[in-house]
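Please read the points below alongside the coordinates. They cover salt bridges, buried positions, one sheet and one surface patch.

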Amino acid sequence: MIFNKSLDNVSIYEAGKPIELVVREYGIQPHEIVKLASNENPYGTCDAVADVIARKAVNAFVYPDDSMYELKEALAKKYAIESNNVVIGAGSDQVIEFCIHAKCHEGSKVLMAKTTFAMYEIYAKQVGATILKTPSDAHNLDEFREIYKQEGADVIFLCLPNNPLGECLDAADVYAFLDEVDSNTLVILDGAYQEFASYKDGAKKITPNEVIAKHSNVIYLGTFSKAYGLGGMRVGYGISNSDIISVLHKVRPPFNITTLSLAGAIEALKHEHFVNMGIEKNFEEMKRYEEYATSKGFRFIPSYTNFITIYMDGYTSKDVALELLKKGIIVRDMTGYGFNAIRITIGRNEQNTKVFQALDLILG
Ligand SMILES: *Cc1c(COP(=O)(O)O)cnc(C)c1O
């Protein structure tokens, strides 16, 4: 069968290995498995959120509120915006898809950093867009400027902070860049880890309401999957001016998130102290990874997220990742990105201790 030609160039997203697979392939008990591959929140959510989700189950036969009124109102309050500045997606992944499908077609140009979130490229290629990447792996705004000046772009992605490397541009530099971008170029500021970055360093904090008040061509993306501990519920959002939001609603399927997801996200917004506790612990535990890496003579990328990318200097990252997997520890090998490194989500204290013990055995 002949399919959409654009899909010939699209590779399938390789998700972090699920616990179930490690159980099947290595016969390790689920409770012994340490999954640190997809940047989920190892502290999960507070009991109140889990209770609300469980209670809503009896209503599962009814379609969810497609207006998502309550969630939009709660987000509007959190960010000091109006609810018509918000679109909800099944993860912010889906909002990226909305943006690309609304703005791009064959021959459109989409500009991004060389090593960044894989879904940007996948969605852009689905519609036959041309991908432009900076020469440097990490975000370098001068390189973005140079390419933008020469080639133009329909969409620009900035990942703040960047997955899978962990680095983050300063907000002031991002704002200066936005001033130079044409109003017909959609700039997507992906804030999936903004809660972590702005906790570690206030200079990284993007303020969506100020950005959208000043720029009609910018959308900010947030998610409940990382700091809010609801990766399994699939809830993300976009914040932009109401004109862009109404266009995105044209490509949004009805009922795109579930009743349980809506309820969980609304409740999670009421328990910010729990979220902040997780962020605080994240950086305490990250210090242990930095110290461990240094003790082994490994370089690492200073991270503004809930993961850390460590170079496996003197070893082969693919082998190290496989040996960890055999011990029930799932991390992300970065060979596919051209890095001899592993990306590890910062786990809970006892999980991280297991990682260090396993690495000690593997590295000898
Ligand atoms: C995790 C992540 C997302 C979105 O995840 P969802 O679960 O779809 O909300 C978006 N961008 C980056 C960079 C991420 O790491």
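1. A salt bridge here is a side-chain nitrogen of Lys or Arg within 4 Å of a carboxyl oxygen of Asp or Glu. On that criterion E121, K125 and K133 are linked in a network of salt bridges, and the structure holds 18 salt bridges.

2. On provenance: this is a predicted model, in which local features need pLDDT of at least 70 and side-chain atom pairs count only at pLDDT 80 or more, while totals for chains, interfaces and linings use all residues. Residues are numbered from 1 along each chain as its sequence is written, and side-chain values use heavy atoms, with hydrogens and water left out.

3. Helix α5 spans residues 118–126, and its buried residues are M119, Y120, I122, Y123, A124 and K125. Helices (H or I, at least four residues) and strands (E, at least two) are DSSP runs, numbered from the N terminus. Buried means under 20% relative accessible area, exposed over 50%, and partly exposed in between (1.4 Å probe, protein chains only). K125 is thus both on the buried list of α5 and a member of the network with E121 and K133. The cover over the buried residues of α5 includes α4 (92–103), β3 (109–112), β4 (130–133), β5 and β6 (186–190); contact means heavy atoms within 4.5 Å. Just after α5, G128 has a positive phi of about 80°.

4. Three salt bridges within helices can be read together. An α-helix has 3.6 residues a turn, so residues three or four places apart point the same way. In α6 (residues 141–151), D142 and R145 lie three residues apart, about one turn of the helix, and their side chains meet in a salt bridge at 3.0 Å, N to O. D142 counts as exposed because its relative accessibility is 52%; R145, with a relative accessible area of 25%, is partly exposed.

5. In α12 (residues 272–296), E285 forms a salt bridge with R288, with the closest N and O atoms 2.8 Å apart. E285 and R288 are separated by about one helical turn because they are three residues apart in that helix. Is E285 buried or exposed? E285 is buried, with a relative accessible area of 7%, whereas R288 counts as partly exposed at 24% relative accessibility.

6. In α13 (residues 317–326), the side chains of E323 and K326 meet in a salt bridge at 3.2 Å, N to O. Being three residues apart, E323 and K326 are also separated by about one helical turn. E323 is partly exposed at 30% relative accessibility, and K326 is partly exposed at 43%.

7. F144 is found in helix α6 and counts as buried, since its relative accessibility is 0%. Which residues does F144 contact, leaving aside neighbours within four places in sequence? They are L111, M112, A113, T134, H139, I156, F157, L158 and F177. For A113, the separation from F144 is 31 residues in sequence and 7.9 Å in space, C-alpha to C-alpha.

8. N163 lies in the loop between β5 (155–159) and α7 (171–179) and is buried, with a relative accessible area of 7%. Its side chain makes a polar contact with the side chain of Y193 at 3.4 Å. A polar contact is a pair of N or O atoms within 3.5 Å; within protein, one must be able to donate a hydrogen and the other to accept it, and residues adjacent in sequence count only if both atoms are side-chain atoms. Not counting residues up to four places away in sequence, N163 touches N39, T116, F117, Y193, F307 and R343.

9. R343 leads to the sheet: it is the bridge partner, in β13, of R332. Strands β12 and β13 (residues 341–345) run antiparallel and are joined by two bridges; two strands pair if DSSP finds at least two bridges between them. The open sheet has four strands in the order β9-β10-β13-β12, with antiparallel pairing. Its edge strands, each pairing on one side only, are β9 (300–301) and β12 (332–333).

10. Lastly, M1, F3 and L7 make a nonpolar surface patch of about 410 Å². Patches are made of residues with over 30% relative accessible area and no salt bridge, where like charges are joined within 9 Å and nonpolar side chains (Val, Leu, Ile, Met, Phe, Trp, Tyr) within 5 Å. Accessible areas come from the Shrake-Rupley method with a 1.4 Å probe; for residues, only the protein chains shown count as cover. L7 is in the segment before α1 (19–26) and counts as partly exposed at 39% relative accessibility.
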